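Trainee: I have a protein chain open on my screen, and I would like to learn how to read it. Could you take me through some features, one at a time?

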Amino acid sequence: MGSIRGLFPWIFFTLQFAWNVASGQIVYTISEETSPGTTVGNLAKDLNLKVQDLEHRGFQIADGPYKRYFDLNVKTGVLHVRDRLDRDGLCGRSAKCPLELEAIVTAPLNMYRFEINILDENDNAPIFPSSITVLNVSESAFPGERFSLPAADDADVGSNSVKSYKLSPNEHFSLDVQGGAESASAELVLQKALDREKQPVVQLTLTALDGGKPARSGTTKILVHVIDVNDNIPVFSKALYKAQIRENVPRGFPVISVQATDLDEGLNGEIIYSFISTSKANEIKNFAIDGVTGEITVTGDVDHETNAALEIRVQAKDRGHNPRAAFSKVLIEILDVNDNVPEIAVTSLVNVVREDAPVGTMVGLITVKDADAGPNGAVELKLAEAVPFKIENTYKNKYSLAVGGRLDREKTAEFNISISATDGGTPPLTSTSVITVHISDVNDNAPRFPEPVMNVYVKENGQVGAVIYTIAASDQDAEENAKISYSLIDNNHKSAVNINAATGEILALQAFNFEETKTFQFQVQAKDSGLPPLSSNATVKVFVLDENDNSPVILPPYSEQSSVVSENVPYSAEAGYFVAKIRAVDADSGYNALLSYHISEPRGNSLFRIGTSSGEIRTKRRMSDNDLKTHPLVILVSDHGEPARSATVSIEVAVVEHTGDLQTQFRHVPLKEDSFSDLNLYLLVALVSVSAVFLLSLVSLIAVKCYRTNSNFSKYCAPVITSHPDGTWSYSKSTQQYDVCFSSDTLKSDVVVFPAPFPPVDAELISINGGDTFNRTQTLPNKEKVRTLNNCS
């Protein structure tokens, strides 16, 4: 065999390959023992793949039991033989020897299946179990009697297996060759009676020929010893016995009983049963036959997957001096039992899948195997629980795991996909496998603020650079997609605030003044670091809280510095007589601007009283002769801030006998001097002269003033409280107006009083610290008022 291959390597060893597409699969055909490096076919071309894409797409043969026999050229796509192919070792005696392989490419992931059919070469000659076979034949044997001959074994299959036998020429025996599905068998037939005295031993040569071209052969010598006596042969009741048993039956299980009879008497008629050893001795090692009864029992493990059927040759031999034997066949069919659990194998897997992967994206390739046959080997693969993935059957027992629904990493970042494989047996057997798939993040979530509008309350006169608020947005994405930076957008108050881009801390760039700015707003943007970045905006409203940093200011006519205002009261005035009204304003707001009026000097005064909230000075009782004619009063106006601020004004009330003497006078507070100088004398003379000239004008002025005072008294009305739709209230008098706000976010019932922006029409407008006091606050327009609790008559 070796010399033939050496002389004619390309004549007797040819490579055949063909390919066809059947059910979407490529099939190549190649002979065994093909030299390594031999081309099987252009796999890339047959799969319609571009040669220039093979290398970067990772074109390769998938791992499997047959990968080591073949090599794939990534640059050309040509499939080569890599190692020696021994069909007899790969497929045994199977009629066909298909090798199933898989090729994989990536970007995108795909799998192609192809099959290589290995053709048998006639590289094995028939071999007999022994080089010499001894037969004992009685001389009384009749012509036509048959004798079993050893069968030759050929490792090749099909037409290359044993097909015929030849017997060397002789005068006593002929050969009866019986053809079989796999190989032929032969029996020696006696043609002419034997005569031991003439020829005690007959030497024959048996030749076994296979069906190869050229045919191969093997020989064995047959020595026939001619034995005298015992001229009856045992006879079986059947030429062929058939039996069925299930696999995995226990040891000792009875299979079938064979029976033979012998017409001889005594030892020549006693029969002993036995198996005839053949080349398939391993197939009968799990069975035994009772030599006396002929019962065949199980002695080992019977497995349908190893051998679905077997043939046993049984011999019945008598116990004569020259025993004679008969032969029969027992065909045992082993029935399948569902005793194999399906096996799940993941051949390729993408461990990480983007959360925006479309439906149908392949995640992995799965192969399912079940060693059972028929319905017991039919496997159904499915998902054990509801997950956004699906399993699709791609070819026979090959499946793919693909995305079957929308993925959301923020809800589920990792899937432990449980896959169950169930066969069709009774009862069915199931196996499970868990595949872990990680979901990678995609920047699909914009940062979110807790509220679209956030209110921040800041005290005025705060420290520059202080953190007034820390804003925090959240992002459901991960890593860089969740890294947030903050910035100010459409900020018209860049000089007032700034924001830390990393921490979200809002910093005050100046000290706020409630009297100048009560509230302002700006927008903050939170942007993540994804590609592309996503952002969201929120509005921050800053409310400046008032601090008591302004003292009350007393309005004219009692606000002149270093002067004392004189008021006259008739002696006949009744209790409650109106003397004067002190008016004051405070630039602050709320409690800090809520003013109260008190008489601070003299102590223990029992003639006058002042309204705490109105500032009206009235008599407490009628005059008496014991009362002084002049009463100096010091009025204290204080707010309700912490600490409280105050202002004072001095009024001197004079008691006159007649109402015509009522007048309001102003005088300067006398200053004590050490000496009366000449300059003071000159000033005094000038003052008296001017006073005399101005006397008539002064009388006219006093008359006009009295008229105005009476007019103010007639216009005075009770306080008016008006509610607004935004939850605020307005408190107004004839000389002063306030806005009142009730807090709704605390359990404490607070009343916050804010001065109205405009004074009454009859009030005088004054300037405090260079600004218009009444223009520093803001109230709702009168048309928004919906309810008036009290009106002036």
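Mentor: Gladly! Let's start with aromatic pairs; please keep in mind that this is a predicted model.

Trainee: How many aromatic pairs does a search of the whole structure find?

Mentor: The search turns up 9 aromatic pairs. To read one, look at the distance between the ring centres and then at the angle between the planes, where over 60 degrees counts as edge-to-face. Take Phe147 and Phe173: their ring centres are 6.2 Å apart and their planes meet at 75°, so this pair is edge-to-face.

Trainee: Where do Phe147 and Phe173 lie?

Mentor: Phe147 belongs to strand S10 (residues 146–148) and Phe173 to strand S12 (residues 173–178), so the pair ties together parts that are 26 residues apart in sequence. Both Phe147 and Phe173 are buried.

Trainee: And how are the rings of Phe236 and Tyr273 arranged?

Mentor: Their centres are 6.4 Å apart with the planes at 55°, so that pair is tilted. Phe236 sits in strand S16 (residues 235–236) and Tyr273 in strand S20 (residues 271–275), so the link joins parts 37 residues apart in sequence. Phe236 and Tyr273 are both buried. Together with Tyr241, Phe236 and Tyr273 form one aromatic cluster.

Trainee: Let me step back to the whole chain. How many helices and strands are there?

Mentor: The chain has 5 helices and 56 strands. Of its 793 residues, 41% are buried. You can also ask how far apart in sequence the contacting residues are: among contacts with a separation of 6 or more, 64% are between residues 24 or more positions apart. As for the outside, the accessible surface comes to about 43,300 Å², and carbon and sulfur atoms account for 52% of that.

Trainee: Is Tyr395 buried or exposed?

Mentor: For burial, compare the relative accessible area with a cut-off: under 20% means buried. Tyr395 has 17%, so it counts as buried. You will find Tyr395 in strand S29 (residues 389–395). The side chain of Tyr395 makes a polar contact with the side chain of Lys396, at 3.4 Å. Now look along the sequence: Tyr395 and Gln25 are 370 residues apart along the chain, and their C-alpha atoms are separated by 9.1 Å.

Trainee: Now a loop, please. Where is Asn481 found?

Mentor: Asn481 is in the loop between strand S34 (467–470) and strand S35 (484–489). Its relative accessible area is 13%, so Asn481 is buried.

Trainee: Which residues is Asn481 in contact with, leaving aside neighbours within four places in sequence?

Mentor: Its partners include Asp441, Val442, Asp475 and Leu531. With Asp441 there is also a polar contact between the two side chains, at 2.7 Å.

Trainee: What can I learn from Glu479, in the loop between S34 and S35?

Mentor: Here the thing to read is the backbone angle phi. Glu479 has a positive phi of about 55°, although Glu479 is not a glycine. With a relative accessible area of 73%, Glu479 is exposed. Ala107 also has a positive phi of about 55° without being a glycine. Ala107 lies in the loop between strand S7 (98–105) and strand S8 (110–119), and at 62% relative accessibility Ala107 counts as exposed.

Trainee: Which residues does a cis peptide bond join, with omega at about -5°?

Mentor: For this feature, read the omega angle of the bond. A cis peptide bond joins Thr426 and Pro427, and Pro427 has its place in the loop between strand S31 (414–423) and strand S32 (430–440). The bond from Leu531 to Pro532 is cis too, with omega near -5°. Pro532 lies in the loop between strand S38 (519–528) and strand S39 (535–545).

Trainee: One last feature: which residues form a nonpolar patch on the surface?

Mentor: They are Val690, Phe694, Leu698 and Leu701, with about 380 Å² of accessible area together. Try finding Phe694 in the loop between helix H4 (678–693) and helix H5 (695–715). At 43% relative accessibility, Phe694 counts as partly exposed.

Key:
Residues numbered from 1 in each chain as written. Predicted model: local features only at pLDDT ≥ 70, side-chain atom pairs only at ≥ 80, totals over all residues. Heavy atoms only, no water. Patch = residues over 30% accessible without salt bridge, like charges linked within 9 Å, V, L, I, M, F, W, Y side chains within 5 Å. Areas by Shrake-Rupley, 256 points an atom, 1.4 Å probe, with all protein chains shown as cover. Salt bridge = Lys/Arg side-chain N within 4 Å of Asp/Glu carboxyl O. Helix = DSSP H or I, 4+ residues; strand = E, 2+ residues; numbered from the N terminus. Buried < 20%, exposed > 50% of the residue type's maximum accessible area, 1.4 Å probe, protein only. Polar contact = N/O pair within 3.5 Å; in protein donor to acceptor, adjacent residues only side chain to side chain. Contact = heavy atoms within 4.5 Å. Phe/Tyr/Trp six-rings, centres within 6.5 Å; stacked < 30°, edge-to-face > 60°.
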